[in-house]
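Got the viewer open? Here is a short tour, stop by stop, with something to select at each one.

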Amino acid sequence: MAWTKYQLFLAGLMLTTGSINTLSAKWADMFSAKGCKDSPEHAFAHPFVQAVGMFLGELSCLAVFHMLLCHDRRRPEPKMNTGQSFNPLLFLFPALCDMTATSIMYVALNMTSASSFQMLRGAVVIFTGLLSVAFLGRRLVASQWTGILITILGLIVVGLADFMSGHKDDSHKLSEVITGDLLIIMAQVIAAVQMVLEEKFVYKHDVHPLRAVGTEGFFGFFILSLLLVPFFYIPVGSFSNNPRHVLEDALDAFCQISHNPMIILALLGNTVSIAFFNFAGISVTKEISATTRMVLDSLRTVVIWVVSLALGWEQFHGLQVLGFIVLLVGAALYNGLHRPLLARILCCASVEEEEVNPVERTRLLDEGRVQEEG
């Protein structure tokens, strides 16, 4: 069945905004500017400020939800399913997981390439599968266990590619690249906990997806914004790249933005793209299928990788291609993408068998290639 223009638009929107989200975050990391009190020019390394911007984008989904709700209520026959009433605090713990995982990933993005960042996020398949068995009582089929094992292999290949390219990368030390990769994988453990919590406590309440994303964004935005105050005073030594070597120096971030307005363009790209990406992802699942959403998310990795190469942000490494293919196969097996393909192949084979004409069948029987039953 051919896609409608609206479905093509949604798929293109998800692919584009998802790619812009990671690329704009990496772009922001590549800027340098003077800080407060005319401090020397230094790199824009403010992962927690970037995470606040991302949650602001998620929070905007809540505004979109209420706008759509108001528009729907003006119709003679409202059609929008708002879901049942729920306690917003149900989203608090998933939001805390999202906040922690996102912040860790933005720290890691400062240390590694955008393509490796996106590829290693595929590790969430492993931890989601294991936690769903442990806490949701789910039984994984053989193809899902195979997908998990293949994903682990893919992560090893990508990690090996980063290890080998780290010796040739002038922008990142090898130790930084390895630390960044490990932080990304650690963040996927927390992201998997978030998914399990959402499935166990949230999805049973039939909450509208935009409302769910917006509510998590609300908690994440305000909690992380408040945490920027104590982060301003927590020394972390060389782990931080800001002049005061504290966990996060939000004032330095704003001073750098004032000295180089292009930074705000990158941050706005991250904030706006995450809002449209969440909307498009939810709509693709609803209008097309969850499998299509997974395929588009995988294609997003290709776009990020190609753009990074074209802009000279990273160097080509053949092992990354192999690692991506292995990760793609693992994710496809875990999400059951092979089932419709096998069903279609078997269906086509049965149709071809039925369409063999009587003359051809007689010829095959005479040659002994087809045996009639009974």
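**Stop one: threonine 100 and its helix**

Start by selecting threonine 100, which you will find in helix H3; helices (H or I, at least four residues) and strands (E, at least two) here are DSSP runs, numbered from the N terminus. A word on the ground rules: this is a predicted model, where local features need pLDDT of at least 70, side-chain atom pairs count only at pLDDT 80 or more, and totals for chains, interfaces and linings use all residues. Residues are numbered from 1 along each chain as its sequence is written, and side-chain values use heavy atoms, with hydrogens and water left out.

Is threonine 100 buried or exposed? Neither quite: its relative accessibility is 33%, so it counts as partly exposed (buried means under 20% relative accessible area, exposed over 50%, partly exposed in between, with a 1.4 Å probe and protein chains only). Now add leucine 224 to the selection: its C-alpha atom is 9.2 Å from that of threonine 100, although 124 residues separate the two along the chain.

**Stop two: H3 against H8**

Show residues 92-109 (H3) and 209-231 (H8) together. Two packed helices are described by the angle between their axes and the distance between the axes. For this pair the angle is about 60° and the axes are 9 Å apart; axes are lines fitted to C-alpha atoms, for helices over the stretch in contact, and angles run from 0 to 180 degrees between N-to-C directions. H3 and H8 are therefore oblique to each other (under 35 degrees is roughly parallel, over 145 roughly antiparallel, 65 to 115 roughly perpendicular, and the rest oblique).

Which residues meet here? On H3, pick Leu92, Pro94, Ala95, Leu96, Asp98, Met99 and Ser103; on H8, pick Glu216, Phe219, Gly220, Ile223, Leu224 and Leu227. Contact means heavy atoms within 4.5 Å. Colour them by class and you get nine nonpolar, two polar and two charged residues (Ala, Val, Leu, Ile, Met, Phe, Trp, Tyr, Cys and Pro count as nonpolar, Asp, Glu, Lys and Arg as charged, and the others, Gly among them, as polar).

**Stop three: the cysteines**

Next, select cysteine 36 and cysteine 255, which are joined by a disulfide with an S to S distance of 2.0 Å (a disulfide is a pair of cysteine sulfur atoms within 2.5 Å). The structure holds one disulfide. Cysteine 36 sits in the loop between strand S1 (32-33) and strand S2 (42-43), while cysteine 255 is in helix H9 (residues 250-259), so the link spans distant parts of the chain, 219 residues apart. Look down the S-S bond and you have 90° and a right-handed link. Cysteine 36 is partly exposed, at 26% relative accessibility. Compare two other cysteines: cysteine 61 is buried, with 1% relative accessible area, whereas cysteine 70 is partly exposed at 44%.

**Stop four: histidine 245**

Move to the loop between H8 and H9 and select histidine 245. Most residues other than glycine have a negative phi. Histidine 245 has a positive one, near 55°. Its relative accessibility of 37% makes it partly exposed.

**Last stop: serine 308**

Finish in helix H11 (residues 290-310) with serine 308, which is buried at 0% relative accessible area. Leaving aside neighbours within four places in sequence, what does serine 308 contact? Show Leu23, Ala114, Trp313 and Glu314.

Then zoom out to the protein chain, with its 14 helices and two strands. Of its 374 residues, 45% are buried.
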